[in-house]
Amino acid sequence: MPSTPRRLLAATATGIVLSCLGVAAAADTAGPGTSADNRPLTGLRVLLSNDDSMQAAKASNSDGLGLYEIRKALCDAGADVVVMAPWQVQSGKGTAVTNGGTLTLARRTQLPAGYGNDCAGTPSGSPVYGICLADGPCGADSPSATPADTVKFALRGGLAAKAGWTDGPDLVVTGINSGPNVSAQVNDSGTVGAAIAAVDQGVPAVAFSSSGDASQMRFPLANYRAHARFAAAFLGGMRERDLFTDRFALKVDYPDVSAGQRAKAPVWTSVGHGQVVWHAYQPKQAGGDTYDITMGVCANRPGDRCTETVKDADSTALLGRGHIAVAPVTADRTYGVRADATRELARVKHYVTNDAPRS
């Protein structure tokens, strides 16, 4: 059976402004099996967050379009989805949290074009909230809550207040991220960090990230859409086999399919030790104290500091061979720690390797 989330503490009212800009929350949803609806995720209550924000306004599709694609796919599969996501792009925030101040929720009443009716009729109404750091309404320039902030807030009172979920959700989904989260970048990833925040609170979590096009600067709708369809089927298979667990999160990275190629079968991988993206710091002028932060894609040459050395690395499977790369991740960074939940891990690995859907 899936792990039962530990009882979550209600959030205190101090320092939190719940700016309800939409309709009142719905009552608790009915559990699985109470409906004739036989869709694979019927009755599953999903908290959806990301690190790209819920704006979906940039032409590059790097600020939350993937969130709306997976929201649609999950609702189409029968899930009841509530979005609580960062107000602004928070890529690279990892597991960072905000230690003081005030959070405000802004409910998005007009969703991006083409997504307005995706979750019509769900028990919660499937609201979409962005969370900013402000004592009052979120504005265009308001700083944002981090991805981990959004998950912790949702689980510690936000979902109870806004969706009536006093004992949920059943699953946290993060993404779909704009760009892969593989190898050394996994530690920086807010998408993965939000999933880690969930399992730390006793709630199963899966993080989804999609490759961009060949430039890794643009993120085609085709990649998000294909990944979202796969994600809903993948989660449906996990649910059918009672594989949801809070002992570890799963990280699922999807290859670029924007030129018409198909994603190769899911493979079980390890988080690599190399680097795909390199951060550099360039002085604006010689001897000065101001530096530009620049990023580039590593060359991956033998002997280069970026080069991947792990044989079953997620980056090699994804970027080198075009597979859907799946890896288990935990918050325990103790070197040499003995893996627990080995039986659960083996069952999930068997599912990924043998039974998970193909794209």
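**Exercise 1. Sort the residues that line the largest cavity by class.**

Solution. Step one is the class rule: Ala, Val, Leu, Ile, Met, Phe, Trp, Tyr, Cys and Pro count as nonpolar, Asp, Glu, Lys and Arg as charged, and the others, Gly among them, as polar. Step two is the list itself: Pro-204, Ala-205, Val-206, Met-238, Leu-243, Phe-244, Thr-245, Phe-248, Leu-250 and Val-348. Step three, tally up: nine nonpolar, one polar and no charged residues.

Some ground rules before going on. The model is predicted, so to speak of a local feature takes pLDDT of at least 70 and a side-chain atom pair counts only at pLDDT 80 or more, while totals for chains, interfaces and linings use all residues. Residues are numbered from 1 along each chain as its sequence is written, and side-chain values use heavy atoms, with hydrogens and water left out.

**Exercise 2. Find how many cavities of 30 Å³ or more there are, and give the volume of the largest one.**

Solution. Start from a 1 Å grid over the protein atoms alone: a cavity is a set of points where a 1.4 Å probe fits but cannot get out, a pocket is an open set with protein on both sides within 12 Å along at least five of seven lines, and lining residues have an atom within 4 Å of a point. Points are joined across faces, edges and corners, and the volume is the space filled by probe spheres set on them. The count comes to one cavity of 30 Å³ or more. The largest cavity holds about 50 Å³.

**Exercise 3. Describe the largest pocket: its volume, its lining by class and the elements that supply it.**

Solution. The volume first: about 1,300 Å³. The lining has 50 residues, and Gly-179, Pro-180, Gln-216, Val-276 and Val-277 are the closest to the pocket centre. By class they split into 17 nonpolar, 24 polar and nine charged. For the elements, take DSSP runs numbered from the N terminus, with helices (H or I) of at least four residues and strands (E) of at least two. At least two lining residues come from each of strand E6 (171–178), strand E10 (277–283), strand E11 (291–297) and helix H5 (314–320). H5 has the largest share, five residues.

**Exercise 4. Do likewise for the second largest pocket, then place Ala-331.**

Solution. This pocket has a volume of about 970 Å³. Its lining counts 33 residues, with Pro-328, Val-329, Thr-330, Ala-331 and Asp-332 closest to the centre. Helix H3 (190–200) and strand E12 (323–329) are the elements that give two or more residues, and H3 gives the most, with five. The classes come out at 15 nonpolar, ten polar and eight charged.

Now for Ala-331, in the loop between E12 and H6. Buried means under 20% relative accessible area, exposed over 50%, and partly exposed in between (1.4 Å probe, protein chains only). At 32%, Ala-331 is partly exposed. Setting aside neighbours within four places in sequence, Ala-331 is in contact (heavy atoms within 4.5 Å) with Ile-196 and Asp-200. From Ala-331 to Phe-248 is 8.2 Å, C-alpha to C-alpha, and 83 residues in sequence.

**Exercise 5. Classify two aromatic pairs, Tyr-68 with Tyr-115 and Phe-234 with Tyr-351.**

Solution. A pair of aromatic rings is described by the distance of the centres and the angle of the planes. Rings of Phe, Tyr and Trp (its six-membered ring) pair if their centres lie within 6.5 Å; planes under 30 degrees apart count as stacked, over 60 as edge-to-face and the rest as tilted. By this rule there are four aromatic pairs. For Tyr-68 and Tyr-115 the centres are 5.9 Å apart and the planes at 45°, so call the pair tilted. Tyr-68 belongs to helix H1 (residues 65–76) and Tyr-115 to the loop between strand E4 (103–107) and strand E5 (128–133), 47 residues apart. Tyr-68 is buried at 1% relative accessibility, and Tyr-115 is buried at 6%.

Next, Phe-234 and Tyr-351: centres 5.4 Å apart, planes at 45°, so this pair is tilted. Phe-234 sits in helix H4 (residues 221–240) and Tyr-351 in helix H6 (residues 342–355), so the pair ties together parts 117 residues apart in sequence. Phe-234 is buried at 0%, and Tyr-351 is buried at 2%. Ring pairs also link Phe-230, Phe-234, Tyr-254 and Tyr-351 into a cluster.
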